[in-house]
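Student: I am new to this structure and would love a close look at one part of it. Could you walk me through how its two domains meet, and then show me what lies around that meeting place?

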Amino acid sequence: MRVQCLSLTSLVFRAHPTSRYSVAALLGAIQSDSRLSELILKAPLRNFESVVRNHFKAGRTAAAFSVMSTHQARVQEEVRRLREICGEDLILIAGGPHASARPKDLLDCGFDYVIIGEGEQSLNDLLVKLMNDADPERVQGVVSKRTTEYPLPRSLPRILLDDYPPFALDMNVVGPVEVTRGCPYACKFCSTPFLTGGRVRHRSTKTVVHWLKRAVEERGFMRTWFLSPNALCYGGKGRTLEVEKLEGLLSASTAIEGLEEVFFGSFPSEVRPDFVTKTVLEMIRQYVANDSLQIGMQAGSDHVLELSNRGHSVEEGMNAVRLALDSGFIPHVDMIFGLPGERDSDLRASLDLCHSLDEMGASVHGHVFMPLPGSAFENMPAGVLNQETRKELGEMSRRGVLTGSWSNQEKLARDLESKQER
Ligand code: SF4
């Protein structure tokens, strides 16, 4: 067996656009850990391979990837090339959604260590072991080729957001401020509950303000985005509105001198329709800079919503859209086509709903169902669009009513389906 290189001196992160938020948070966590102050950290936006090679020539180096299931093929090719360039002594570390859901895939594709669950604590602990010639196998959540049993994310400790920075200010690798992690709902197409758990954890308003003030002072931040699986659940246990706590967050962060715009409830966050009330929309409208509100409707048929365990009806979704319009927001409505159990009549209802939304002044963010590893639907058939639907969606896209990567997602969905564990 190959003896792994220890006494790590450098870590190079793959800062791909699709993983930049998680890379920013993980770099922030490393920078806040005094045990890792001697580690040379890099996250180049360009020339990743040559940066890895240069550090590898100078000392013991690791390259880290945050891997989404839809990007496995790209990552596999990048790993192959790194092995070709640096050989087996380069340490390769993977984390991210695919690492938690299918760790063995990543070990098989050439990673030395795969981090299951949240990375902030376990990546740091792994790096400390690698820097100190200690056994990395003993870190909770870290698996290697020698591991025989892989833990599930839910069996591992969850971090508190307040214990870690939201981004890496010292390196100027920044992103949105994650204000909430975890979701108590269990929509069957979604892997968030599997990855981050059903217990909701919020970053406190005090800590959000602390980091934003520093970002304004040190990096000239003028605007920020808040990240949450359900923006309107801030402050509570995830199933109820806590208007006062939400207002506390928004009023404190918009009062920061120099911070001109705060975006919340728009992409990359969204809101569940059953959280939308006139009171809460009128309140957030006073503070947020976004004109749009991202509403997760997902289907135009109650039958499909029920099969997906979505927990709200089409009527509740339409009510949220009307309230958003009345409060001066442009609703941007998430829809998924090809969900498991969708009949022709359900698809027609979803398409008709898109046309109604257009007439009302809303727009649609379209997706094709992808069987995401870690979701309850992970072994379901990929969403497929027939010719007529593709044409209808294409026309809506051309008119600017429909946005989103729905056309690419059909192929990604097929790729995921081809790798399903049967
Ligand atoms: S789709 Fe949203 S509400 Fe449903 S489980 Fe995922 S994060 Fe939670």
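Tutor: Let's start with what a domain is here: its bounds come from an automatic or database domain assignment. Keep in mind that you are looking at a predicted model. For this protein, the assignment gives domain 1 (10–154) and domain 2 (176–421). The C-alpha centres of domain 1 and domain 2 lie 29 Å apart.

Now to the place where they touch. On one side, 12 residues of domain 1 take part, and they are in contact with 14 residues of domain 2. If you look at the domain 1 side, two elements, H1 and helix H4 (97–101), each give two or more residues to it. Helix H4 supplies the largest share of that side, 4 residues. By class, the domain 1 side divides into 6 nonpolar, 4 polar and 2 charged residues.

Next, let's turn to the interior. The largest nonpolar core has 120 residues, and Ile93 and Val114 touch the most other members. Helix H1 (residues 20–31) appears again here, as it provides the largest share of this core, 7 residues. Both domains take part too: at least three residues of the core come from each of domain 1 (10–154) and domain 2 (176–421). To get a feel for the surroundings of Ile93, set aside residues up to four places away in sequence; Ile93 then touches Ala62, Ala64, Phe111, Asp112, Tyr113, Ile115 and Leu126.

Moving along the chain, find helix H9 (residues 243–254) and helix H10 (residues 278–285), whose axes come within 10 Å and cross at roughly 10 degrees. Angles under 35 degrees count as roughly parallel, so H9 is roughly parallel to H10. In this contact, H9 uses Val243, Glu247 and Leu250, while H10 uses Thr279, Val280, Met283 and Ile284. Sorted by class, that gives 5 nonpolar, 1 polar and 1 charged residues.

Finally, follow the chain on from H10. Asp291 sits in the loop between H10 and strand E12 (292–298). Asp291 counts as exposed because 12 other C-beta atoms lie within 10 Å, and the cut-off for exposed is 12 or fewer. Leaving aside neighbours within four places in sequence, Asp291 is in contact with Phe329 and Ile330. For a sense of distance, Asp291 and Met131 are 48 Å apart in space, C-alpha to C-alpha, and 160 residues apart in sequence.

Terms used. Residues numbered from 1 in each chain as written. Predicted model: local features only at pLDDT ≥ 70, side-chain atom pairs only at ≥ 80, totals over all residues. Core = buried A, V, L, I, M, F, W, Y, C linked by C-beta atoms within 7 Å. Buried ≥ 20, exposed ≤ 12 C-beta atoms within 10 Å, placed from the backbone. Contact = placed C-beta atoms within 7 Å. Axes fitted to C-alpha atoms, helices over the stretch in contact; angles between N-to-C directions. Parallel < 35°, antiparallel > 145°, perpendicular 65-115°, else oblique. Nonpolar A, V, L, I, M, F, W, Y, C, P; charged D, E, K, R; others polar.
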